[in-house]
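Okay, thanks everyone for squeezing in. I'll put the sequence and the structure up on the screen, and then we'll walk through one helix and a couple of pockets.

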Amino acid sequence: MTFIRRFDHVGITVADLDAATAFFVSLGLEADQKMAVEGEFLDTVIGMTDARTEIVMLRPPGGGTTLELSSFTRPDHLPGSPAAPANELGLRNVAFEVHDLRAAVDHAAAAGYGLVGGIGEYEGVWRMAYVRGPEGIIVSLAERIEK
């Protein structure tokens, strides 16, 4: 029996919700309104009491799987590992296909977000780069190579 119906979203907890939202919007995601979540539902799901978080859902143009950015106001967030290497256990990157990899990388660099390594090419099919975004989030950007 299969339990999964579809891939819904990926959630990332950040300290600066506005900065993280602005970064992903600048790459082309569309943001819903910021909303606060608190109460019995949240406390039950996350296993904490008296929790409060603000979230923003971001969607790719045309719909699809969303990215949830969350910032806790109660309890205070715990520091993460903003310089985590690609082989550290846990969620390591969030990936997007882009139209123009070089322009996307240059755009991120102009905003202060540099490459983790370099731009690589996979078997003449994909060009890809990892950009370290706000709070150390690794964003994988990939462009299909047109033949």
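So here's something to look for while you turn it around: which elements each supply at least two residues of the lining of the second largest pocket? The answer is α1, β6 and α3. Before I go on, keep in mind that this is a predicted model.

Let me stay with that second largest pocket for a moment. It holds about 390 Å³ of space. There are 16 residues in the lining, and the ones nearest the centre are Leu27, Gly28, Phe96, Glu97 and Val98. If you sort the lining by class, you get 10 nonpolar, four polar and two charged residues.

Now, two of those names take us straight to the end of α1. The helix runs over residues 17-27, and Gly28 follows it with a positive phi, near 125 degrees. At the other end, the N-terminal one, Asp16 does the capping: one of its side-chain oxygens sits 3.3 Å from the backbone nitrogen of Asp18.

What about the body of the helix? Its buried residues are Leu17, Ala20, Thr21, Phe23 and Phe24. Looking down the axis of α1, these buried residues fall within an arc of 160 degrees, so they line one face of the helix. And what covers them? The cover includes β2 (30-31), β4 (52-59), β5 (66-74), β6 (94-97), α3 (101-110) and β9 (138-144). So β6 and α3 turn up in that cover, and they also give residues to the pocket lining along with α1.

I'd like to zoom in on one residue here, Thr21, which lies in α1. Is Thr21 buried or exposed? Its relative accessibility is 12%, and the cut-off for buried is under 20%, so it counts as buried. Leaving out residues up to four places away in sequence, Thr21 touches Ala31, Val56, Leu58 and Leu69.

Okay, last stop, the largest pocket. This one has about 670 Å³ of space. Its lining is made of 26 residues, and closest to the centre you'll find Ile12, Thr13, Gly80, Ser81 and Glu135. Which strand gives the most to that lining? That would be β1, residues 9-13, with three residues. By class, the lining splits into 14 nonpolar, eight polar and four charged residues.

That's my tour, so let's talk about it.

Key
Residues numbered from 1 in each chain as written. Predicted model: local features only at pLDDT ≥ 70, side-chain atom pairs only at ≥ 80, totals over all residues. Heavy atoms only, no water. Buried < 20%, exposed > 50% of the residue type's maximum accessible area, 1.4 Å probe, protein only. Helix = DSSP H or I, 4+ residues; strand = E, 2+ residues; numbered from the N terminus. Arc of directions from axis to C-beta. Contact = heavy atoms within 4.5 Å. Polar contact = N/O pair within 3.5 Å; in protein donor to acceptor, adjacent residues only side chain to side chain. 1 Å grid on protein atoms, 1.4 Å probe; cavity = no way out; pocket = protein on both sides within 12 Å on 5 of 7 lines; lining within 4 Å. Points joined across faces, edges and corners; volume = space filled by probe spheres on them. Nonpolar A, V, L, I, M, F, W, Y, C, P; charged D, E, K, R; others polar.
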